[in-house]
Amino acid sequence: MQTVLSVAIDALAYGMVLFVISIGLSITMGLMRVVNLAHGAFAMIGGYLASYAARDLGLGYAAALLIAVIGTIIIAIPLERFLYRRIYGAPELTQVLMTIGITFCIIGIANFVFGPTLKTIPLPETLRGATDVGFRTIATHRIFAIAIGAAIAVLLWCLVEKTSYGIRLRASVDNSAMAAALGVRTELVYAASFAIAVGLAALGGAVGAELLPVEPYYALRYMVTFLVVVSIGGSGSIGGALLASLLLGAIDTTGRYFAPEYGEFFFYLAVIVIVAVFPRGLAGRRA
Amino acid sequence: MIGFREDMMKSLFLTTVACAMLGTAAFADTIKVGVIGPFSGPFALQGKNFKAGIDAWLAVNGNKVGDDEIEIVYRDIPAADPAKSKALAQELVVREKVQYLAGFYFTPDAMAATPLLQQGNVPMVVMNAATSAIVTTSPYVVRTSFTTWQTTTPMATVARESGVSKVITLVSDYGPGIDAESAFKAAFEKDGGKVVEAIRMPLSTNDFSPLMQRVKDSGAEALFAFLPSGPPTLAFVKAYNDTGLKTAGIKFLATGDLTQESDLPALGEQATGLMTTFHYAVSHDSPENKAFVEAASKAIGNPAELSFPAVGAYDGMYVISKMIEATGGEQNADQAVEAVKGLTWTSPRGPVTIDPDSRHITQTIYLREVAKDGDHYINKEVKSFEKQGDPGLAHVKK
């Protein structure tokens, strides 16, 4: 019983970190219909900025997270204005080619500016070390990641389902021309959504840095995992992404505990089964 | 007017011919050394260390051996890619006419190039790739780095001496990881210990907590780990601390790949007290190392990036210079390799010898502990195992 609980808590923590980083990608892919392979690169930029703010400028952890999110959005604004705006509605291949190109540029620049070594984000005293949860100890930081993940899920759901911005976003996505005809400034809606997606990527990169350390190849190294989460969850669905992250986190963690020699076999087996049964993902909407 | 132009053309032609003749008649030759390594991509840091080691050697000793000038030709191979490595080696030998091949970070890359050596009449100096079998694939291979068997074996002795009898091994599931597992098991069980469980982790593992739980449940007194240097080592060490294994008193044993100097600033506090065995620590205390670190730090730019591949490259250059000396700059692989068999010198890492039978480097393996020195972390040497050969050679499948 203790083992089951213990594995479950690891699974929850890993799943939440996956969720925080992948949800932004789910927004760009599902709501904006852009296959954004540079998503990992934005998460990495967030990680670098947080590390720079906390380590080199000596700012607090909360300030570092804030700088990561705002800084990454500021970097992303000209990219959206001059590059992404050209590929909204373009064929997937064009989107893939351009965003992978952006990724390689960002990797090169990160390598040049920050060097090839690992960067860490020093944690505040309260998040450092381990917390005793009764039957075992767990890194305090993971509890923090779980909380952040839950908060993001609730806030995003409210934003998309309950606010007027959410209504305009959904209208723009479903029928851009009609929404524009009715007076919705679709360009602004897209720009704002892109900023939110990038900001979430940056927050995920910074919060998840304990698990996925920041280095120049971060941008490509974990991209497959993020894409898998989005395709399993059904792109554009917040609940779907949450469910997919938790499910994949659970499968991966349990597989790793009971049969580490099988590697990621169970992870990808689950992916194949889910995609076969739900081709649009667990909560995918009809196109 | 026309006559003047003809005159000019004629003199120009003569000058050209004279220059060309002078060129061939010169006494000194330029000897090219082809270096293959990861100079871009995820392992660029290791390639950068190759270059720093080579540049350091050239800065200290000059680029001349006798009258001959050494020229280094670099070729980039971002990730392990045997086919590309072979193509690059071929290009270096045929088109660039290099007399020596060197570098090689990954075993498959080195293995792919060894079949070319005999026909090309070119010796290969392996500056990193750490699988025992490489030296057996061609009589023209000399290695100045280490093997995983060589750095792992003394750790088993350390574990037994500290009273540990039950160990669980966790290694990355690929060649060197399996080497580490076999080496540790062989040495540890010979000393009367028991490996209770051997876990192989996929290279892409990011979250190690479930594995640490497994370690806890196995009832082992210590864990022996092997992971290649790089991002996952950070998560691994963190998981060891955060899941309470450290406070539960389960010892952490590993090879120095896990605590390479360029990763230590990131590992920081978490790594303090970790015991590893390895052939080189940047903080090694000797005049030779002091000179090396000074030159290599200058070459690499940021001293915090300096790590073990640099010393393999530095010593590799020493071996190549001895080969050039012995052959007088002529291309003769047989004579060159013969000349360095049994070569003994004091490397920045300590006393070393090229073993005449295996052509692998015999060296001191150190037990080190991660400790804080001023404001940065070092691998502090606490014990040394002298004159260690490569025990892995006995296990190479013939």
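Which residue stands opposite B:Ala102 in E5(B)? I will start with that question, and the answer is B:Val125, but let me first say what we are looking at. This is a predicted model, in which local features need pLDDT of at least 70 and side-chain atom pairs count only at pLDDT 80 or more, while totals for chains, interfaces and linings use all residues. Residues are numbered from 1 along each chain as its sequence is written, and chains are lettered from A and ligands numbered from 1 in the order in which they are written.

Let me go to the sheet that holds B:Ala102. Helices (H or I, at least four residues) and strands (E, at least two) are DSSP runs, numbered from the N terminus, and two strands pair if DSSP finds at least two bridges between them. In chain B, six strands make an open sheet with mixed pairing, in the order E2-E3-E1-E4-E5-E6. Its edge strands are E2 (64–65) and E6 (141–143), each of which pairs on one side only. As general background, strands of a sheet pair through backbone hydrogen bonds, either parallel or antiparallel.

Within this sheet, E1(B), residues 30–37, runs parallel to E3(B), residues 68–76, and eight bridges join them, with B:Glu69 in E3(B) as the bridge partner of B:Thr30. E1(B) also pairs with E4(B) in the parallel sense, here over four bridges, and B:Val35 stands opposite B:Ala102 of E4(B). E4(B) in turn is joined to E5(B) by three bridges, again in parallel.

Which way do the residues of E4(B) point? B:Tyr100 and B:Ala102 point one way, B:Leu101 and B:Gly103 point the other way, and all are buried. A residue counts as buried if 20 or more other C-beta atoms, placed from the backbone, lie within 10 Å of its own, as exposed if 12 or fewer do, and as partly exposed in between.

Two helices can be placed against these strands, and here two residues are in contact if their C-beta atoms, placed from the backbone, lie within 7 Å. Angles run from 0 to 180 degrees between N-to-C directions, and the axes are lines fitted to C-alpha atoms, for helices over the stretch in contact. Helix H2 of chain B (residues 44–61) packs on the sheet and touches E1, E3 and E4 (100–103), with its direction at about 155 degrees to that of E1(B). Helix H12 of chain B (residues 308–327) lies across E1, E2, E3, E4, E5 (124–126) and E6, and runs at about 170 degrees to E4(B).

Further along chain B, E12(B), residues 344–347, and E13(B), residues 350–354, run antiparallel and are joined by four bridges. They form a hairpin with two residues between them, and B:Trp345 has B:Val352 of E13(B) as its bridge partner. E13(B) also pairs with E14(B), residues 361–373, in the antiparallel sense over two bridges, one partnership being that of B:Thr353 with B:Thr362. In this second hairpin, which has six residues between the strands, B:Arg359 takes a positive phi near 60 degrees.

Now to domains, whose bounds come from an automatic or database domain assignment. Chain B is divided into domain 1 (30–146 + 285–359) and domain 2 (149–278 + 366–395), and their centres, taken over C-alpha atoms, are 28 Å apart. Between them, 13 residues of domain 1 are in contact with 14 residues of domain 2.

How many of the 14 residues of H6(B) are buried? Ten of them are, so this helix is largely enclosed by the rest of the structure, and among the buried residues are B:Trp149, B:Pro154 and B:Met155. After H6(B) comes B:Gly163, with a positive phi near 85 degrees.

B:Lys251 lies in strand E10 (residues 251–255) of chain B, and this lysine counts as buried because it has 20 C-beta neighbours inside 10 Å. Leaving aside neighbours within four places in sequence, B:Lys251 is in contact with B:Val164, B:Glu221 and B:Ala222.

Finally, I turn to the contact between the chains, which takes 29 residues from chain A and 30 residues from chain B. On the side of chain A that touches chain B, helix H1 (2–31), strand E2 (137–139) and helix H11 (238–258) of chain A each supply at least two residues, and the largest share, five residues, comes from H1(A).
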